[in-house]
Amino acid sequence: MDITPIHHRVIGLDVHQNKITACALIEQADGSVTVEHREFGGFKRDRRGLAEWVDGFTPDIVVMESTGIYWKSPYAALEKVGIAAWVVNARHVKNVPGRKTDISDAQWLATLARAGLVRASFIPPADIRHLRLIARQRQKLGGILASEKNRLHKVLADAGIRLNVLVSDLHGQSARAMVKALLADEPIHAILDRAGRLRATREDLFDALQPEELSAKHRFVLDELMAHIEYLEATMARFEQELLNGLAPWELQMRLLETVPGIDRLGAAMLLVEIGTDIDSFGSAERLASWVGICPGNNESAGKRKNGRTRKGNAWVRRLLCEFAQAASRTRCALKDKFSALSIRKGHKRSIVALAHKMLRIVYAMLTHSTPYQDRNVDYEALMVGRNAPRWLKMLAKHGYIATA
């Protein structure tokens with residue numbers, strides 16, 4: 001493969017679970033290129049030796065390819081000696097023609113990097129990467145919690161308890177108190193007293209709480225499910241607090257994201273640790289959307305634009321954006337109007353993805369220019385004043401700041 005070198009001192013790393021294959025391509029003063037191969041293990045001492053070996057070449061660029069998460073430890077080891085390696089997309093490397101079968105993966109990576117034919121993937125700084133662990137584990141716990149809540153619902157239905165027919169959220173404060181009182185075998189009048197401000201009448205609640213067959217096995221499973229649900233909720237609360245504490249230095253970006261309809265404080269935190277705090281590293285909103293995998297597919301032939309699937313990307317961000325879009329589609333803002341216009345011809349699911357794409361582009365513009373979200377249809381400041389002005393005026397008159405007529 002004939003190439004014009006852009007970088008003159010390049011090292012390629014092919015990372016596996018317990019082995020790292022390295023290849024150094026070093027251009028000499030006379031234009032010749034020396035090739036040196038090394039193999040390292042996967043333990044800490046091996047990674048330290050790899051970092052020292054790489055640093056000894058003072059390379060222009062270090063590229064690595066890895067399946068799964070095995071790149072993270074070598075990347076951190078190189079980062080400690082001041083080398084910011086490039087983690088390249090295996091699909092991009094595969095698509096470059098000219099591969100010779102007798103060239104190792106590490107040497108092929110170094111060859112492509114020397115010619116400038118690979119692009120670095122986005123890797124956030126170490127502190128944001130560590131916060132990612134908290135955010136992603138919290139998302140996993142949320143999935144487990146939803147599964148356990150659904151299971152509790154099914155076991156209650158199996159016992160003939162139809163409380164979910166009368167309450168909007170079976171795990172709301174009143175409904176949960178009633179279920180726990182039922183499992184504790186309290187008298188029916190004591191259970192109904194825990195209904196709080198539910199709209200359902202006591203007669204309807206009495207009928208819904210009459211089990212067909214609440215056996216000892218039902219009680220055992222329900223007790224365990226309730227205990228597990230409360231444990232998961234407490235664990236998620238600790239994860240959320242740790243995440244928010246870790247993002248304290250980026251309070252400005254957090255507040256900017258919170259101005260977007262559909263994004264609350266926790267959602268802003270989880271999005272920020274995924275896309276990073278330096279939004280300029282993506283270069284453009286289009287590249288950010290492509291990295292997330294939420295941009296429209298490119299399927300054009302003979303001058304006709306056809307439907308194209310979205311590409312694979314960061315599944316964590318896609319999930320968050322779709323949740324934000326679901327929430328924004330129910331608010332009073334321009335985003336809701338956009339969703340309504342799209343859903344007529346695209347349907348609900350595709351419209352949610354399109355709205356998520358639009359929200360991501362809005363987030364990119366906001367973080368780039370450090371400006372809050374401004375809706376073209378709704379004046380949120382006027383809404384807030386209109387909602388709170390009567391209460392404010394009453395308190396001002398009460399304490400003598402203004403005279404009453």
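## Leu247 and the nonpolar cores

Setting aside residues up to four places away in sequence, Leu247 touches Ile128, Leu131, Met254, Ala269, Leu272 and Val273. The model described here is predicted. Leu247 is also listed, with Leu243, Ile275, Leu288, Leu321, Leu335 and Met359, among the residues that have the most contacts inside the largest nonpolar core, a set of 50 residues. Seven helices each supply at least two residues of this core: helix 5 (126–158), helix 10 (251–258), helix 11 (265–275), helix 12 (285–292), helix 13 (315–328), helix 14 (334–346) and helix 15 (348–369). Helix 15 gives the most, with 10 residues.

A second core, separate from that one, has 29 residues and includes Val155, Ala181, Leu182 and Met236. In soluble globular proteins, nonpolar side chains tend to be buried together.

## Helix 14

Helix 14 has 13 residues. From its first C-alpha to its last it reaches 18 Å, close to the 18 Å expected at 1.5 Å a residue. Its buried residues are Ala334, Leu335, Phe339 and Leu342. Seen down the helix axis, the buried residues of helix 14 fall within an arc of 140°, so they line one face of the helix.

The cover over these buried residues includes helix 13 and helix 15. Leu335, buried in helix 14, is also one of the residues with the most contacts inside the largest core. Just after helix 14, Gly347 takes a positive phi of about 90°.

## The five-stranded sheet

Five strands form an open sheet in the order 3-2-1-4-5, with mixed pairing. Strand 3 (33–41) and strand 5 (86–87) are the edge strands, and each pairs on one side only. Helix 1 (residues 44–56) packs on the sheet, where it touches strand 1, strand 2, strand 3 and strand 4 (61–66). The direction of helix 1 makes about 165° with that of strand 3. Strands of a sheet pair through backbone hydrogen bonds, either parallel or antiparallel.

Strand 1 (residues 9–15) and strand 2 (residues 19–27) run antiparallel and are joined by seven bridges. Within this pair, Gly12 stands opposite Cys23 of strand 2, and Val15 has Ile20 of strand 2 as its bridge partner. The hairpin that joins strand 1 to strand 2 passes through three residues.

Strand 2 also pairs with strand 3 in the antiparallel sense, over nine bridges. Here Ala24 stands opposite Glu36 of strand 3, while the bridge partner of Glu27 in strand 3 is Val33. The hairpin of strand 2 and strand 3 has five residues between the strands, and Gly31 takes a positive phi near 95° in this hairpin. Strand 2 is mostly covered, with seven of its nine residues buried.

## Pro74 in helix 2

Pro74 is found in helix 2 (residues 72–80). With a relative accessible area of 3%, Pro74 is buried because its value lies under 20%. Not counting residues up to four places away in sequence, Pro74 touches Val15, Ile20, Arg47, Leu50 and Met64. Two of these residues, Val15 and Ile20, are bridge partners.

Pro74 and Cys295 are 221 residues apart along the chain, and their C-alpha atoms are separated by 31 Å.

## Helix 4 and the loop before it

Helix 4 is mostly covered: nine of its 10 residues are buried. The buried residues are Ala106, Gln107, Trp108, Leu109, Ala110, Thr111, Leu112, Ala113 and Arg114. Their cover includes strand 1, strand 2, strand 3, strand 4 and helix 3. Just after helix 4, Gly116 takes a positive phi of about 75°.

Arg99 is found in the loop between helix 3 (90–95) and helix 4 (105–114). At 40% relative accessibility, Arg99 counts as partly exposed, because this value is neither under 20% nor over 50%. Leaving aside neighbours within four places in sequence, Arg99 is in contact with Ser104, Asp105 and Trp108. Of these contacts, Trp108 is one of the buried residues of helix 4. Arg99 and Leu112 are 13 residues apart in sequence and 9.9 Å apart in space, C-alpha to C-alpha.

Conventions
Residues are numbered from 1 along each chain as its sequence is written. This is a predicted model: local features need pLDDT of at least 70, side-chain atom pairs count only at pLDDT 80 or more; totals for chains, interfaces and linings use all residues. Side-chain values use heavy atoms; hydrogens and water are left out. Helices (H or I, at least four residues) and strands (E, at least two) are DSSP runs, numbered from the N terminus. Buried means under 20% relative accessible area, exposed over 50%, partly exposed in between (1.4 Å probe, protein chains only). Contact means heavy atoms within 4.5 Å. A nonpolar core is a set of buried Ala, Val, Leu, Ile, Met, Phe, Trp, Tyr and Cys residues joined through side-chain atoms within 4.5 Å. Two strands pair if DSSP finds at least two bridges between them. Axes are lines fitted to C-alpha atoms, for helices over the stretch in contact, and angles run from 0 to 180 degrees between N-to-C directions. The expected span of a helix is 1.5 Å times one less than its number of residues. The arc is that of the directions from the helix axis to the C-beta atoms.
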